[in-house]
Amino acid sequence: MKVVGKALSHESATLHVTGQATYVEDLATRTARLAFAWPVQSPHAHARVLSVDFSQARDLPGVFGCLAAADVPGENDVGPVRHDEPLFPEEVSFHGQPVAWVVASSSELARLAAERVVVRYEPLPAIQSIAAAVAADSFHAPAERLRRGDPEQALAAAAQRFEGELFINGQEHFYLETQAALAVPEEGGGLFVHSSTQHPTETQEVVARVLGVAKHLVTVQCLRMGGAFGGKETQANTWAAVAALASVKLGRPVMVRLTRAQDMSMTGKRHPFLGRFRVGFSVEGQLQALLLELFSDGGYSLDLSAPVLGRAMFHIDNCYLLPNVEVVGRVCRTHAVSHTAFRGFGGPQGMLMIEEVLDRIARQLELAPEVVRERNFYRPGDTTHYGQPVRDAERITRIWSEIKVSSDFERRRAAIESFNEAHPHDKRALAITPVKFGISFTTTFFNQAGALDIIYKDGSVQVNHGGTEMGQGLHTKMLQVAADSLGLPLSALRIMATRTDKVPNTSATAASAGSDLNGAAIKAACETLKERLCEVAARYFHAPAADIVIDTGRVFPVEKPELGIGFSDIVQQAYLERVPLFATGYYKTPKIHFNRETGQGEPFHYFAYGAAVSEVEIDGFTGQYRLLRADLLHDVGDSLSPLVDRGQVEGGFIQGVGWLTTEELVWNESGAFVTRGPSTYKLPTLGECPPVFNVALLQKAAEPGVVYGSKAVGEPPLMLAISVREALRAAVAAFGAGGVVELASPATPEAVFWAIERVRSARKARSRAAE
Ligand code: MTE
Ligand code: HPA
Ligand code: MOS
C-alpha cells in the first residue's frame, strides 16, 4: 500500500488551523439578502400553548416575518423515526422548546423581536426524572428483552448474591460548532440547504416533509461539521427545516445558527440511564446470574432512543460471558429535551453497568477487580447473550496481557500500595478495564453506502461519497482509499462536499461505520474505473488488461515499467475511445442479521477491542483528584490512517473521561437546563489530560472482510475511560477498610468526596463493632 496506512495529517488540518475551513456560518458573508431566524422558547417544561401574539414583533424595522404552525405547507413535524416532534407545538414538552420563530435582517434584530412575541401558556404537571416516569408509567415504547439461560434459577442457586442500582447521568455533546443551517431558494420551487448534519439524506427528507414537496426539489449539502458526536445524527434536521420554511415563505436565504445556550437548552444529550440489578456469582467471582432492568430517559420524543437502548442491552456483556441473564429495557418519556445519539450510542451505559457489577463482586469477595474481570472473560467458542459468536475472543486476552506489560501494571500496583500506606490523606489507585464494541448499525438496513468517482480529462479526480466529515478524519481516510484503489498520488484527488444530489439515499455517518461503509463503496467505484482504464491501456500497450499496472499516477505493463505513460494520457485516450470516466460504487455489509422477536442473531459485522490502564490520585479532604497516567491499547485492525486513528483514540478517551468525571448535567426544579455553558458545565481540558498518556494501536491486527483490513475507531475508545472511573473507585476504597464502594456517575470531585465519607464511616462502624 502506498497511501493507505500512512500517518497523514487530517485533510483539512491546514484549513482548520488557519481559519480557512468553511462552516455553515461562514457562508453568511457570501450570501446576499440573507436573513436570520431566532426562536421563541418556552419557559415551561410542560404547558398548553394558548396563544402566540406577534403584533409587537412583526412591524419592527428589519423584521421580515414570523413563523407559526399556519406557515407550514406540509407536515408540522420533524420527528426522525416517529412523527412526534411538532415544529410548532400546541403543547410544549420541555423547558426551552421553540414555539415560534422570528426572521430578521440580523440575528440581533431577530432576537429583539423574538423577545416581544407574547405567548400565553397553561402550565401542566411535568415528569422530570426516570423515577417519576417509572412511577407514572410514562414510556415511549413497550419493554425490550434479551435473555439467555435461567437467571432466576441461577440467582437462587448462587453461592453469593447482591442487588443494587446505578444512575448514570447523560452528557452534552459540546461540539464546537453549534447547530446551523442555511437555506437558499432555487428556481422552480427548489431549495438548497447547507446543513451541519451527520445525515444529509434525513435532513433532506425532513425538509421535504415540512415543505410538503418531493425530495428531488431539496438538495442538502454538508461541507464539514465542527464536531457532531452523534448530536447531529437526527437533531440537525429541525434547524434545517426552520431555515427552509422561512426561506420559502420569504423568498430569500435564511440562516439558523444556535447560540451555545440555545443549543444546550434545545438539543438532546447522551441518555441518562438507571440500572437495577440482581447478581449471583460463585466464590471465585464467576458471574452466574444477572437480572438487569435498564431505564433510559428518552426525553419528550422517541428520536433514536429505541436503538440507543438496544445498543445498551447488546453491550451489557462488554467482554464477559453472561451464562444466565435477562435484561429488560424501557425508554422513559419525560418532559426534557429529546435525548439522542452520543458517541457509543448506549453502549457506554450498558458497559458501565457490567463494570459496576463486576467491581461490586470483587469488593464483596475481597478479590482484585482485574482478577474478577479476567475470570469472566469470553473464551474462544463462546457466544454473546444475543447469540453472536465471539470469534476473536483471544484478542481480549492478547490486548489485556500486552497492556499489562506495557503499562508496568504489577510493579505500579505494588508502588501504589506503599504510597497509600505512607499517605493517610491522599490515595492513589490503578485500574484496568477492557472494551468490546459491536460494529454495524443495529438497524441492519442502514449498513449500506454509495460513492461517485469522477475522472476529468486531465486525469484529476473528484471523490464523492455518502459520509460526512465531523473532524473524525473520514475524508482523509477516503482519500487514502481512493488513492490506492486507483493507483494515484493524493495530489490527483479531491474530496467533495457531501451532497444528496451526488450520492442519494445515504445513511447517517454514525455507528463508527463511516469508513467501513463508504471506504468499501469508494473502492468499488475506483475498481470499476481502473478496470475500464486498464482495458484502454491494454490496447495501447498490446498487453493483457490483467498485466496493466497503475501506480502513483503511472500506467505500464507489469513487466515493462520503463514504457510507462502518465495517468492523464490514458484518461485522454479513454475519453477519445468514448469510455465513461465516472462510476458509482455501492457496498452493503454482508451476513449481519438480527431477529427482534427472538432476541437472537449476528447484528455486528465484527467487534472492536481495546483496554486501558488508568492511575489517579485523590485528595481525601476535598475529593479533588488528578488522572496521573493513562495507557491505552486499541485495536483498529490495520490502520487506514494511524495519526487520524490515534486522534480518535485520544479524543474518544478524553471525551469519555469528561462524561464519567467532570461533566454534570443539571436541570432545576422547573425543568430548566441550568448548566448551559462551559462556565457551569465542566468540560475536560488540557488540564484534565494525564501528564503521562501512552496511546498505542494494536499491531498485526488485520480485520478480514473490511476495507484494507482496517477496523472502525470512532466510538469504541470512549469506553476506555471506564478505567478512570474504576481507578477513582479503587482510590476511594483505599480510604476505607473493604466493602462495596458506591460512586455516583459522573464521579465529580463532590461525588468522590461523598463516596470517601461513606467508606470512612463504614470503616468507623466496623472498628466500633470490632471493639
Ligand atoms: N471525532 C470528531 N473529531 N468529531 C466527531 O464529531 N463523532 C464520533 C466519532 N469521532 C466525532 C468523532 C462519532 S459519535 C461517530 S459515530 C464517528 O466519529 C463517526 O464517524 P466514522 O463513522 O467515520 O468513524
Ligand atoms: N449506531 C448509531 N446510530 C444508529 C444506530 C447505531 O447502532 N442505529 C440507528 N442509528
Ligand atoms: Mo455516533 S453516536 O453513532 O453518531
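**Exercise 1.** Which residues do ring pairs link into a cluster with Tyr386?

*Solution.* The structure is a predicted model. In this model, ring pairs join Tyr386 into a cluster with Phe314, Phe594, Phe604, Phe607 and Tyr609.

**Exercise 2.** Determine how many aromatic pairs the whole structure holds, and classify the pair of phenylalanine 377 and tryptophan 400.

*Solution.* Step 1: a search of the whole structure yields 19 aromatic pairs. Step 2: in the pair of phenylalanine 377 and tryptophan 400, the ring centres are 4.9 Å apart and the planes make an angle of 90 degrees. Step 3: planes over 60 degrees apart count as edge-to-face, and the pair is accordingly edge-to-face. Step 4: phenylalanine 377 belongs to the loop between helix 11 (369-376) and helix 12 (394-406), and tryptophan 400 to helix 12, so the pair ties together parts 23 residues apart in sequence. Step 5: phenylalanine 377 has a relative accessible area of 2% and is buried; tryptophan 400, at 4% relative accessibility, also counts as buried.

**Exercise 3.** Describe the pair of tyrosine 386 and phenylalanine 604, and locate both residues.

*Solution.* Step 1: the pair is edge-to-face, with 6.0 Å centre to centre and 75 degrees between the planes. Step 2: tyrosine 386 lies in the loop between helix 11 and helix 12, whereas phenylalanine 604 lies in the loop between strand 26 (600-602) and strand 27 (606-619). Step 3: the pair thus links distant parts of the chain, 218 residues apart. Step 4: tyrosine 386 and phenylalanine 604 are both buried.

**Exercise 4.** Characterise the packing of helix 17 and helix 18.

*Solution.* Step 1: the axes of helix 17 (residues 642-660) and helix 18 (residues 722-733) come within 8 Å and cross at roughly 45 degrees. Step 2: because an angle from 35 to 65 degrees is neither roughly parallel nor roughly perpendicular, helix 17 is oblique to helix 18. Step 3: helix 17 contributes Phe653, Val657 and Leu660 to the contact, and helix 18 contributes Ile722, Ser723, Val724 and Arg725. Step 4: by character, these residues divide into five nonpolar, one polar and one charged.

**Exercise 5.** Is glycine 344 buried or exposed, and which residues does glycine 344 contact beyond its neighbours within four places in sequence?

*Solution.* Step 1: glycine 344 is found in the loop between strand 15 (325-332) and helix 10 (347-365). Step 2: its relative accessible area is 0%, so glycine 344 is buried. Step 3: leaving aside neighbours within four places in sequence, glycine 344 is in contact with Arg311, Phe437, Glu715 and Met719.

Definitions and conventions: Residues are numbered from 1 along each chain as its sequence is written. Chains are lettered from A and ligands numbered from 1 in the order in which they are written. This is a predicted model: local features need pLDDT of at least 70, side-chain atom pairs count only at pLDDT 80 or more; totals for chains, interfaces and linings use all residues. Side-chain values use heavy atoms; hydrogens and water are left out. Rings of Phe, Tyr and Trp (its six-membered ring) pair if their centres lie within 6.5 Å; planes under 30 degrees apart count as stacked, over 60 as edge-to-face and the rest as tilted. Helices (H or I, at least four residues) and strands (E, at least two) are DSSP runs, numbered from the N terminus. Buried means under 20% relative accessible area, exposed over 50%, partly exposed in between (1.4 Å probe, protein chains only). Axes are lines fitted to C-alpha atoms, for helices over the stretch in contact, and angles run from 0 to 180 degrees between N-to-C directions. Angles under 35 degrees count as roughly parallel, over 145 as roughly antiparallel, 65 to 115 as roughly perpendicular and the rest as oblique. Contact means heavy atoms within 4.5 Å. Ala, Val, Leu, Ile, Met, Phe, Trp, Tyr, Cys and Pro count as nonpolar, Asp, Glu, Lys and Arg as charged, and the others, Gly among them, as polar.
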